[in-house]
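Notebook open, structure loaded. I want to go through the ligand site, then a handful of residues that caught my eye.

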Amino acid sequence: MAHHVTLLPGDGIGPEVTAATVQVLEATGVEFKWDKHRIIGTRAVEAERASLPADVPASIRNTRVALKGPITTPVGKGFTSVNVQLRQELDLYANVRPCTTLPGIETPFAEVDLVTFRENTEGLYSGIENFDERLQIADSIARITRRGSERIIRFCFEYARQNGRKRVTLVHKANILKITSGMFLDIGRSIAEEYPDITFDDRIIDNMCMQLVMNPGEYDCIVTTNLFGDIISDLTAGLVGGLGVVAGANIGDDYAVFEAVHGSAPDIAGLNVANPTALIRSAVMMLRHLDEVDAATAVDQAIADTYRDGACLTADVGGGASTSEFADHVADRVASIAGTS
Ligand code: NAI
């Protein structure tokens with residue numbers, strides 16, 4: 001039976017990397033029924049609709065799974081980030097960002113294998129901001145809740161246990177943000193007692209950034225609040241070859257939206273040079289979520305083989321291939337591994 005999936009190509013390089021990803025997914029032989037043609041973000045606003053039109057979450061409530069390209073968010077003005085709205089509306093509380101070294105990409109570290117678990121619905125992204133015009137004072141509330149903290153920390157420990165991972169590091173700023181970050185840390189310490197098989201420790205965010213660029217191999221699973229997770233996951237992307245290669249997923253109890261860590265990259269949009277690896281790897285996470293394990297393994301292997309031989313890579317990782325040449329190459333490899341060619 002075909003998997004019914006909502007497809008949101010997004011802005012900037014989104015349509016290019018989404019087309020490449022759909023091509024690779026379809027080469028696996030797994031059947032998809034795409035719910036597409038829904039507009040979101042700037043294009044929806046230009047069509048005089050809400051930035052997140054109601055039919056988009058409605059579609060995901062129906063399919064339960066979405067594959068999404070990046071959405072441009074106006075800086076300092078305009079509509080609230082559609083990503084934040086979507087994550088809050090569908091309660092996609094766990095942002096999971098695995099970061100592993102690919103063969104053939106030259107980086108300062110030989111072996112990086114980290115997964116960041118970013119709380120996705122609250123913290124400084126709660127959207128509670130206020131500007132006092134008269135006093136010229138701007139406030140932003142970092143709301144941390146016990147329920148929100150417990151579920152992301154537990155999600156991280158469960159993932160660690162199910163995937164044979166040995167260590168969870170909780171990242172915070174409880175020395176300064178004693179109440180908000182302090183509560184997150186206290187909850188982490190008490191949940192850790194339920195998982196004696198997994199080593200638990202914590203790091204202050206600034207120290208963690210330094211540790212990650214010096215000794216990334218020491219770390220395994222990282223769990224943290226929204227803003228710290230946003231920053232750390234771009235940092236860890238830089239350790240393995242940049243934003244073009246790092247996958248992500250937004251997961252809740254009922255729905256899941258798979259998207260790369262990167263944004264809409266307006267500087268290279270429309271040039272057919274963007275690297276679709278990040279979204280393809282997000283699609284691998286989606287295949288596993290859909291229990292299509294063989295197809296996921298085939299795509300993973302095709303990506304690893306493509307990077308190992310290095311003959312058809314995009315410019316961001318030192319190659320000369322276009323987005324569509326890379327997609328053709330990976331799709332051919334997938335078809336031959338999956339026996340669908
Ligand atoms: P960005 O991730 O779009 O780009 C940062 C740099 O990485 C750029 O030089 C870009 O060319 C490069 N890059 C990103 N993805 C690449 C890929 N697949 N292949 C090759 N190079 C790639 O971040 P930026 O410029 O800060 O944000 C641009 C827009 O994207 C903003 O409107 C931002 O709000 C939005 N954004 C959306 C996200 C989402 O929808 N999940 C996530 C992050 C940002």
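**Ligand site.** I started by pulling the residues around the ligand and got 21 of them, with I71, N83, G263, A265 and D267 as the closest. Worth writing down here: this is a predicted model.

Next I looked for polar atoms facing the ligand. E259 puts a polar side-chain atom 3.1 Å from one of the ligand's nitrogen atoms. D267 also uses its side chain, with a polar atom 2.9 Å from a ligand oxygen. G263 does it through the backbone: an N or O atom there sits 2.7 Å from an oxygen atom of the ligand. Then I asked how much of the ligand the protein buries. The ligand alone exposes 810 Å², and the protein buries 69% of that.

**K68.** I followed E259 away from the ligand and landed on K68, whose side chain makes a polar contact with the E259 side chain at 2.5 Å. The K68 side chain also has a polar contact of 2.7 Å with the side chain of N83. I noted again that N83 is among the closest residues to the ligand. K68 belongs to strand β3, which covers residues 65–68.

Is K68 buried or exposed? I get 1% relative accessibility, so K68 is buried, the cut-off being under 20%. Skipping neighbours within four places in sequence, I listed its contacts: L8, N83, L86, V257, F258, E259 and L279.

**T101.** I went to the loop between β4 (94–100) and β5 (113–119), where T101 sits. What does its side chain reach? It reaches the backbone nitrogen of V112, at 2.6 Å. I checked the C-alpha atoms too: T101 and V112 are 11 residues apart along the chain, yet those atoms are separated by 5.3 Å.

Beyond four places in sequence, T101 is in contact with F109, A110, E111 and V112, plus V240. I had to look up how to class T101: its relative accessibility is 23%, which means partly exposed, since buried would need under 20%.

**Positive phi.** I scanned the backbone for odd phi values. Most residues other than glycine have a negative phi, so positive ones get a note from me. I logged Q136, which is not a glycine but has a positive phi of about 55°. N272 went on the list as well, a residue other than glycine with phi near 60°.

Where are they? Q136 is in the loop between β6 (129–132) and β7 (137–140). N272 is in the loop that runs between β12 (256–258) and α9 (277–289). I then checked accessibility for both. Q136 comes out at 52%, so I class Q136 as exposed, which takes over 50%. N272 has a relative accessible area of 30%, so N272 goes down as partly exposed.

**Nonpolar patch.** Last stop was the surface. Which residues form a nonpolar patch there? I found M210, V213 and M214, with about 290 Å² of accessible area together. I picked V213 for a closer look and placed V213 in helix α7, residues 205–214. Its relative accessibility is 44%, so V213 counts as partly exposed.

Technical notes:
Residues are numbered from 1 along each chain as its sequence is written. This is a predicted model: local features need pLDDT of at least 70, side-chain atom pairs count only at pLDDT 80 or more; totals for chains, interfaces and linings use all residues. Side-chain values use heavy atoms; hydrogens and water are left out. Helices (H or I, at least four residues) and strands (E, at least two) are DSSP runs, numbered from the N terminus. Buried means under 20% relative accessible area, exposed over 50%, partly exposed in between (1.4 Å probe, protein chains only). Contact means heavy atoms within 4.5 Å. A polar contact is a pair of N or O atoms within 3.5 Å; within protein, one must be able to donate a hydrogen and the other to accept it, and residues adjacent in sequence count only if both atoms are side-chain atoms. Patches are made of residues with over 30% relative accessible area and no salt bridge: like charges are joined within 9 Å, nonpolar side chains (Val, Leu, Ile, Met, Phe, Trp, Tyr) within 5 Å. Accessible areas come from the Shrake-Rupley method with a 1.4 Å probe; for residues, only the protein chains shown count as cover. A salt bridge is a side-chain nitrogen of Lys or Arg within 4 Å of a carboxyl oxygen of Asp or Glu. A residue is near a molecule or strand if one of its heavy atoms lies within 4 Å of it.
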